[in-house]
Structure formats: C-alpha cells, structure tokens
Amino acid sequence: MNAITVQQLKVIYDKQPVLQDVSFQIPSGSLTGIVGPNGAGKSTLIKAMLHLIPRKSGDIHVFDKPYAQQKHLIGYVPQRSEVDWDFPTNALDVVLMGRYRQIGFFKRAKQEEINWAKSCLDKVGMLDYANRQISQLSGGQQQRVFLARALAQNASIYFMDEPFAGVDAQTEKAIIQLMKEWKEEGKTVLVVHHDLQTVKDYFDHVLLLNKTPIQYGETQKVFTLNNLERTYGGKISFLDKTPAILQGGE
Amino acid sequence: MSYTFWIILTGCLVGLTCGIAGSLLVLRKMSMIADAISHTVLLGIVGAFFVTQSLNGIPMLIGAAVVGLLTAYLVELLSNSGVQSDASIGVVFTSLFALGVVLISFIGDQVHLDTKHALMGEIAFVPWDTLQINGESYGPVAVWMLGFSLLFNILLITLFYKQIKMSTFDPQFAALVGIPLTFIHYLLMTMVSFSTVASFNSVGAILVVAMLIVPGATAYLLSDRFLHVIILSGAVGVLSALLGYLCASFFNVSIAGSMATMTGVLFSLAFLFSPKHGIVFKKINSGYEAIKVK
C-alpha cells in the first residue's frame, strides 16, 4: 500500500517553475531520504505536499484519500531556522503544540496531555529542560524539542526538513533512534537530507530531486553514481568522495 | 464623577486596551500594521459619519473595523502580488489615510473632527462627550467604547489563546494541525481596529501607535512567557497613562503627549535594566563571564 501518492505536482515562484512534473509514490513503512543539490526544491516539495505553500497544480493523496482529509495523520519537523526561538515560551509548551488536535479547539491541556508531552521530551533526553525558555536552549536541544513535538503528534507519516542540519552528536543520535523506532512501528518517514555520505546508512528509499524527480526507489538500486551525476549535473564537487558515499560508511 | 477621574480612567483604558492588542502585534512582528491601521481608521470614522451624519460610537466602531480589515486585506493582497511587504503597508495606509483627510474637509464645521484632532486627539475633551440616553448622561462615550474594546480583546484572547500563540510562534505547524490562520489574522486586525478607534478621540492616530507598540515591546523585554507578555504589556500601558497624566498636570503640557512619552521612558528603562535582555545586565554578565574565564 502506498502511504503517499503525488501526481503532477507543480510549484511556481515568481513565474519560474521551482518544481514540475513531480509524480511518485511512497510505500507505507518506508524511510525515504529526499536528496538533491541546493535549490533543487527539496524543502519546497515537502511544503507543497503539506499544502503549506500554494501549488500551481498537482494532487497529493495519503493512503488513497485526498491530503485535506488525512491531515491528522501527518507529523512535521520544520527546519529549525524557520521559527523565532526568542519567542516567549518554554520547551514543554512547544511540545504541547503537537497535542493540539487531541486537546481540542477551546480546551486547555489536561494533565494527561501534559504527561504525554513530558514523556516525549524524555524520549529525546530533554525532560530536564521542560520549563526552560526556548531561547536558552542550544541548536541541538531546540531541534530535539521539535522532534518531541512531532513525537507528541503520534502521526502515521512524518515529514522532516533537514533535521540533521547543524546539530550535535547527541541530537543526531536521537534523530536516528527516532527514525528507527518509527520504522519499526510501521510509520512512513520522509526526510529532506543534505549529507550524501549518510544516505545509505539512514534511508531504505531515496528520492533524487532536481526540480523534478530524477529517480525514486530503494536506496540500493537508485543511489548510484550514474543517477547522482544526473541529479547534480556538473556540480559534483564531491566526486573524489563518491566511492565512500556509494558504499556507505558503517 | 469628577472631570479628572474621567480623564485618568480614559487614559488607563487606552493603555490597557491598546497594550493588550498591541503586544500580539509585536510578538507577530507586525508592528507596522498598527501604524497603518491607526491611520486608516480615520477613513472609517469619516465614512461612518457620512453614512449616519453623526459621530456616534457604534457606527464608528463598525466603520473602523471595516476599514481596518480592508487595510489588512489590501496589504496582504499587494505583498502577495509581488510588492515588497513594507512598501505595500506604506502604499495602503497613506492612500487610505489621505482619502480620509480629503473627506474630512467636506464635513466642515458640522462636528468637531479635523485633521489636527485626528492626528493628536484631545483627551481633555473626552469627559464632555457623554453618552446620552433619554436625556440621562451615562459617562463619556470614549469610556464606553474603550470598555467594549477591552472586553472584546480579552474575550477573544481567552477563547483563541492557543490558536493565537501557535500561529504566532510557528504558523506552518499551526496550519498543519488545522488552525485557521487567516481567521486568526483578521481577528487580530479587528481587535487592533476597535482598540484604535476607541482610543482615537483621546490620543489620535499618531500617539495611538505608541500605546499599541511600545508597551508590547517593553513587556517583550521583561518576560519569557506569552501570557505574561500580554498582561505586562497592558500593565505598562496603564502605568504610562498614570505617569503621563501626572507629568502633564505638573508641567501643564499635552496629556496624550505625556502618556505616549511615558511609554518611551518605560521602554528605555526596560531596555537598559531588564534582568534578562537589558543591556546593563548583559554588560555585567559578560564582564562576569570574562572574569570566570580568566
């Protein structure tokens, strides 16, 4: 069964197409890395799929139903740099935002929901920081607060936008651990990813993207030198490292 | 009730109402829209006058809300069509305000509404413009309008607290979990429009910006919690009004001007001495850190 089906997605910015002819299907329970050069439209792709930015055309289905009906199944970890971390709130409150649907439109969070949010913070090693003002957290800790919020959503499909960007080793480990757990629980995970060297280690599926999908499929089959060259065009400055990338370092 | 009492009460209500609404704008980094709406409501007031031939409270509130929302909508429209967002604010508010100024001249001497009044307000006149029902006087109209706006603000913030907070911090995530961003946005614009028009007679279009933005910016320096920023902002507004009135009566100067000046004074104090964000403590702390490193 396919968790996500994207059909003929097109996104235009300032009259320039930033994404076009995007059609692919993501099997349920897969762990997909979205990979491509800078400006390939990776973040744009997931935002368009989540209906956070306008699409010129294209349909997104989640478990064979239109996205709009299935929003409650979606969890999201945006790029850390997209919010203002000076905002006056603490870590626990941010995580509680992930329980918004369960708490209800007009209601206040019950103890049960607060406990749930705390357990999510605990899972990413952030329980001690629950009442800490978010501006006083390090970049990695802020990322883990976002992870805890996504965890609190208890979603079936997770979208993560460059979660590994600029984080410390502990946070990186927490992200990998979470992705593993989600996969074991049969959840589907999509990750915009920058570091080609770790693609083989982290993801069982790969979407090679450069304004349009170059290839999508199992990492073993798709993540080849040939396809990477097609994706990155002449810009493969990492060519000398390619063998290491393709083998994947254990 | 004495004349002085009404002036002080009006000032405090202006500070509280605008402080609460304005803090949300500061947190959303939309302070400039306050500047815009505070000017364009003039068009709403003049428009309401043309329709009803009076400067009655309720039509004025409605007119202000309509024009306030129109301002917010036009700003969105222009910036979504490729005009830079600060430029679109500049274009919209000056044009609508200018239209209001032009229309004012048609009103002539029929009522006390002129450009100077619109810009600076005159809180000293407030106690004389009372609400009359069947010949009975029920206190100044401005107090009633401010009271209504204050209740409106408090009610909406209480009802939509979570939604406002989430859409301010992380609009994309808020949209994802089903918070109606557009609805919340225009809700806030309505709050600002009401607060502005209710304060208009007292402090005018320019000084009301001080009452909207400066208390919020001050509170932001002093607190780490969303709710505290809102409450503190209202408190700073009230304190500015009280100190401003004292100052004005002591030096015999403009009351509204003194109130607005006081917001600036309180902001400066917070900017210098806030325990967490103030530059004095930052200097001391960094000096302390430097000593520790040695």
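Trainee: Is Leu151(A) buried or exposed?
Mentor: Keep in mind that we're looking at a predicted model. Leu151(A) has 25 C-beta neighbours inside 10 Å, and the cut-off for burial is 20 or more. So Leu151(A) counts as buried.

Trainee: Which residues is Leu151(A) in contact with, leaving aside its neighbours within four places in sequence?
Mentor: Start with where it lives: Leu151(A) belongs to helix 6 of chain A, residues 139–153. Skip the neighbours within four places in sequence, and what's left is Cys120(A), Lys123(A) and Leu178(A).

Trainee: And how far is the C-alpha atom of Leu151(A) from that of His72(A)?
Mentor: Along the chain, Leu151(A) and His72(A) are 79 residues apart. In space, their C-alpha atoms are separated by 13 Å.

Trainee: Switching to the six-stranded open sheet in chain A, which strands stand at its edges?
Mentor: Read off the order, 6-7-8-3-9-10, with mixed pairing. An edge strand here has a single partner strand, so one side of it is left without a neighbour in the sheet. In chain A that describes strand 6 (74–77) and strand 10 (213–218).

Trainee: Do strands 6 and 7 of chain A run parallel or antiparallel, and what stands opposite Tyr76(A)?
Mentor: Strand 6 of chain A is joined to strand 7 (residues 157–161) by four bridges, and the two run parallel. Over in strand 7 of chain A, the residue opposite Tyr76(A) is Phe159(A).

Trainee: What angle does helix 7 of chain A make with strand 8 of chain A?
Mentor: Helix 7 of chain A (residues 169–184) packs on the sheet, touching strands 3, 7 and 8 of chain A. Comparing its direction with that of strand 8 (188–192) of chain A gives about 150°.

Trainee: Now chain B: which residue takes a positive phi in the hairpin of strands 1 and 2?
Mentor: Strand 1 (residues 130–133) and strand 2 (residues 136–140) of chain B pair in the antiparallel sense over three bridges. One bridge puts Thr130(B) with Pro140(B) in strand 2 of chain B. Two residues sit between the strands, and the one with a positive phi, near 50°, is Asn134(B).

Trainee: Which helix gives the largest share of the side of chain B that touches chain A?
Mentor: The contact takes 16 residues from each of chain B and chain A. On the chain B side, helix 7 (161–169), helix 8 (171–176) and helix 10 (226–251) each supply at least two residues. The largest share, four residues, comes from helix 8 of chain B.

Trainee: How many nonpolar residues does that side of chain B have?
Mentor: Sort the side of chain B that touches chain A by class and you get three polar and four charged residues. The nonpolar count is nine.

Note on methods:
Residues are numbered from 1 along each chain as its sequence is written. Chains are lettered from A and ligands numbered from 1 in the order in which they are written. This is a predicted model: local features need pLDDT of at least 70, side-chain atom pairs count only at pLDDT 80 or more; totals for chains, interfaces and linings use all residues. Two strands pair if DSSP finds at least two bridges between them. Two residues are in contact if their C-beta atoms, placed from the backbone, lie within 7 Å. Axes are lines fitted to C-alpha atoms, for helices over the stretch in contact, and angles run from 0 to 180 degrees between N-to-C directions. A residue is buried if 20 or more other C-beta atoms lie within 10 Å of its own, exposed if 12 or fewer, and partly exposed in between; C-beta atoms are placed from the backbone. Ala, Val, Leu, Ile, Met, Phe, Trp, Tyr, Cys and Pro count as nonpolar, Asp, Glu, Lys and Arg as charged, and the others, Gly among them, as polar.
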